[in-house]
Amino acid sequence: MDSSPISSSASLSTPKFRCFDPTNSYTTTTPNHTPIPRHRNNYKGTLANSVNSGPKIVSGEAGYVLEDVPHFTDYIPDLPTYPNPLQDNPAYSVVKQYFVNVDDTVAQRIVVAKDSPRGTHFRRAGPRQKVYFESEDVHACIVTCGGLCPGLNTVIREIVCGLYHMYGVHKVLGIEGGYRGFYARNTIPLTPKVVNDIHKRGGTILGSSRGGHDTSKIVDSIQDRGINQVYIIGGDGTQKGASVIFEEIRRRGLKVVLAGIPKTIDNDIPVIDKSFGFDTAVEEAQRAINAAHVESESIENGIGFVKLMGRYSGFIAMYATLASRDVDCCLIPESPFYLEGPGGLFEYIEKRLKEHGHMVIVMAEGAGQELLSESIRANDQQDASGNKLLNDVGLWISQRIKDHFKKRKMAINLKYIDPTYMIRAVPSNASDNVYCTLLAHSAVHGAMAGYTGFTVGPVNGRHAYIPFRRVIETQNKVVITDRMWARLLCSTNQPSFLDHKDVVGDENEEVPQIQSINGENHLEARATKHRELKDVTEDTREEEPPILLVNGNSHLETIMANQK
């Protein structure tokens, strides 16, 4: 194996950091970068007491930090290695370099200043020269958990075919029905023939479910069945469960790989560039938006209202809006809005209808939840995966729009379209099919190389192995102070809907730089408009329904309080 130092910077001729090397007895470090020795006891199926279960952090020159993933040799000593079968695979005979260099890492940030530190890196995904399994000894399983998403079947197919055709692995099981399938359902033997055409179907041939996570029962089942590679496909909740399963596997000292493939149609998993199925979801959302546009422009004062997926993150709504160019207003969870009063949604709708005679509104399912009255909230109920149950705010706002314009004696025609389950049930498109293949193959390469307790995904266009903790510690959300959201506002010409307190905030806080539009900061212009609301009468505030309470105060009451 090539043990040359990392080559991403020519100035680092003698690196002072220690990259992972299975022959090195000091590869794991504490969060304070203190190396922890691995004890060379004979493997007896139990974990050595000295194994550190904290993150593997490796530091180097110029602020280089590697957030590494676990490896068998962290807790099982003296494991034999074997030549990678890929070197004899005819399909790879044309490849100039079969294997990933042992020191290759992927930078989390690629836009840096001249003197800034190199920052956080992750271990690059890909085949290694040595593997820790003989092909005939591998017994793999695949499980899908959580909600449906385009591309699930493609990932299943490519894991099976990758194991068969690249590594000669012939024992692969499908676990039916999510996590509980490990101990409560049958398994399906998976071969290239079985999975040959499944990428053309939506859903998952293995079935899925939420919840059912019993760590002890799951690991007992893995151990009893003789499984030594587990591929878990699911979202952030599923990856949290996978992290717990991995810790139990490591506690028992089992030679079992646990690899995660992140799945979320909302694109809310952090670190990675995007999740599979997202491109397909945006493409399919166009059909609903196109239908809403046709409906709205075919009748006087027509409003097409489309609700899309996006529990906490509005990426689908944002990208579908940008792609469509027919949308007049996009509402997402990250950007608060209000209905009544100057600068509110109702005012904007009326203005748009008078100017164009029709409009299209796109809304993510998690947007505007705070506008619902306490009496009709879900009382913080959760589904089996721990996700908060959301009310259908789209239907509620649609009815509020109708009631508002009925009161103003202005006739409108609103068509409400909810394509949520149609979108997530379709097969993946060409782009996602290719992406799913890369994810599956990267996971297989990492598992065969002895890496475990990781999830795989692209970071700045390069696939990498990422510790579970990094993808479950937070959620990826739209940043409404970034240029992408500004591009959307330019496309729709909608107001920002930001309240005075959202814009001004604490005077002692540093105000972020925001690019000006038409010679002035559009957020400051919105704040100025709210400052001019001194002539709002007490009667106007009394007419506001209590359902518009935000943080205990109505919108206009909050403005007046801020002015005082």
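This passage describes the nonpolar cores, a buried glutamate and one helix of a predicted model. Local features were considered at pLDDT of at least 70 and side-chain atom pairs at pLDDT 80 or more, whereas totals for chains, interfaces and linings use all residues. Residues are numbered from 1 along each chain, and side-chain values use heavy atoms, without hydrogens or water.

The largest nonpolar core (buried Ala, Val, Leu, Ile, Met, Phe, Trp, Tyr and Cys residues joined through side-chain atoms within 4.5 Å; buried means under 20% relative accessible area with a 1.4 Å probe, protein chains only) comprises 99 residues, of which I142, I159, Y231, I261 and F276 touch the most other members. Helix 1 (residues 152-167) supplies the largest share of this core, 10 residues; helices are DSSP runs of H or I with at least four residues, and strands are E runs of at least two, numbered from the N terminus. Beyond four places in sequence, the contacts of I261 (heavy atoms within 4.5 Å) include V155, I159, Y231 and F276. A second, separate core of 26 residues includes I349, L353, F405 and M410.

Helix 1 also contains E158, which counts as buried because its relative accessibility is 11%. Outside its neighbours up to four places away in sequence, E158 touches T437, A440 and H441.

Helix 7 (residues 345-356) has 12 residues. Its buried residues are L345, F346, Y348, I349, E350, R352 and L353, and their cover includes strand 14 (302-308), strand 16 (358-364) and helix 12 (483-492). Helix 7 is followed by G357, with a positive phi near 80°.

How values were computed
The expected span of a helix is 1.5 Å times one less than its number of residues. Buried means under 20% relative accessible area, exposed over 50%, partly exposed in between (1.4 Å probe, protein chains only).
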